[in-house]
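Work through the exercises below with the structure at hand. Try each task before reading its solution.

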Amino acid sequence: MATPLLELHDLSKSFRSHWTFRSIPAVQNVSLRVEAGEAFGFLGHNGAGKTTTIKCIIGLIHKTSGAILLNGTPLTGSSQRRSLGYLPEHPYFYDHLTVEETLHFFAALHGFSGADRRRRVDEVLEMVHLGNRRKSSVRALSKGLQQRVGLAQAIINRPKLLLLDEPFSGLDPLGRIEVRNLVLTLRKEGTTIFMSSHILSDVQDICDRVAIMARGRLQTEFKLADAPKLFGEAYELTLHSESPLSAICEQADTVNLQHTARGEAIVLRFEDYRTAQEALAAAHQAGARIVSFKTVGRSLEDIFVAITQGEAAMSNASQQVPAATSEVELR
Amino acid sequence: MKVSAIMINTFREAVRNKILYSVVLFAVVLVGISAFFGAVSIGSQEKVIKDFGLFSLSFFGVIITILSGVSLLNKELKQKTIYNILSKPVDRWQFILGKHLGLTLTVSLLVGLMGVGLIGFVAFFEGRIDLLLFQGIFFVILEVTLMAAVAIFFSSLVVTTTLTGIFTLGTYVAGRSIAYLRYFIEAGDGYNPALAKLIGILDWVLPDLSLFNVHDVLVDGGSVTGNHAAYAICYCVSYSLVALTLAAIIFERRELN
């Protein structure tokens, strides 16, 4: 097996309370591997230990125990950070510097000098589409543009591993799309991505694998492509809004029935196949206008909620799932 | 390269900080006042101008150092700009050294500029350039170099800017006074031995800033001896290195949450 680019072995970090001097665990025995070239999503609710883990990797805080390996070598000295890029959750910059000066400063910290530095700064400015704002003061930029500066400083050294801590935090939809596209471009170019985010749809778009943290511990780690196999599927019955919903609900077991209105349609979502079938039959009997009946993969959001809330019976539904179902058009 | 990048950035930040200019303006006004006192005093106009001018240089040099120095690390921590720096291949000691050099460069340049103004002013009265004043400016620069290291040491040790400022200012006042205390202990024999011991410890720990106070000699037309200058330079460099090493050790252990 090839050596993973990043490997955490039983990583733990505790903080000491200033008042009681008690040790408060923030991260407990986290072990994971990130292979070169993959995009890895690191998920968890606020306070789950994601940022602490990332800060341990980057060396901003000191781990209590465990090991962090980069290319199989313990990540200890500052020189190993040459191959890392880091975008903090809220990147802060010097008020007195322009965009160009900021990037020159960070390039110099990576050892770039002279013409090399100018060339690299120009390249990165073009990559993040900030070429026309190079002379602007960073503080005068919008949050979205500042995030692009943040990303620019993180990739100035052409990192092998790019650590992104909530890269979409505080961005408007347009800013989010811009940053997401930049990350996707970097990924295509072969940069390994390790990102934490609460925007699960973006994680789903960008990442190959995800790990979910809760209360400082790693709860699960899986390939997104394997999610239907691991976590089962759900079923959606879409009816025309004029359909007699109450009649269907009377006949089918609808204890956990979720329904949402989408324009002229009502979408009923079922966690298990038997209930979905009962509802479908009831809809037929009631003369409802059925638009579609289909299997849908569990969204990352469903999986995340289930895991972080400790619902262990997640896979029960999958026991009754028929083999690889596809959308069944009924009318 | 990394240290010089941090140094230049610190220098640039200070130069673009408008608050600093108000302090410099105030210092220029004070040098002007010294000129006024010199002009109205009888017989020794130039002496008063030089004495008051050199005092102003030293005092404002140290004030600017303390004002800029105490917030140097705290500002980086508070504004979280340090995250972007220390996530690069930069050691924490390099960050501390770069900050110190940047602060020293800034204050030295300001002291130098104010000093040139003072020399010009004295030349206006005396009709010649008093080269001895360059020695005075040089010793002020040594003093601010040392005080910058002290400010950074306290900045790494204490969390709040106010406390850092109080400790640094206290060290400056004590460092200026320690030679007098030493003199009293050596001259008198009725002192409490415990007090004498305490002053002995303070004498050893605190910076002896009297080494850099050469105004009296210069104003009287004398020159600082080569031995004294060499000793003062060695003392400044050694004391600063010790303070910065301690700062780096403390800062190395700091968690950047």
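Two exercises follow, one on each chain.

This is a predicted model, in which local features need pLDDT of at least 70, side-chain atom pairs count only at pLDDT 80 or more, and totals for chains, interfaces and linings use all residues. Residues are numbered from 1 along each chain as its sequence is written, while chains are lettered from A and ligands numbered from 1 in the order in which they are written.

**Exercise 1.** Describe the secondary structure and the compactness of chain B.

*Solution.*
- Step 1: Take helices (H or I, at least four residues) and strands (E, at least two) as DSSP runs, numbered from the N terminus.
- Step 2: Chain B then has 11 helices and 0 strands.
- Step 3: Its radius of gyration, over C-alpha atoms, is 20 Å; the globule rule (2.2 Å times the number of residues to the power 0.38) gives 18 Å for 257 residues, so chain B is as compact as a globular protein of that length.
- Step 4: The C-alpha trace of chain B spans about 60 × 50 × 30 Å along its principal axes.

**Exercise 2.** Work out the strand order in the sheet of chain A, and find its edges.

*Solution.*
- Step 1: Two strands pair if DSSP finds at least two bridges between them.
- Step 2: In chain A, 4 strands form an open sheet, ordered E2-E1-E4-E5, with antiparallel pairing.
- Step 3: E2 (23-34) and E5 (73-74) of chain A each have a single partner strand, so one side of each has no neighbour in the sheet.
- Step 4: E1 (residues 6-16) of chain A runs antiparallel to E2(A), joined by 8 bridges.
- Step 5: A:Lys13 lies opposite A:Val27 in E2(A).
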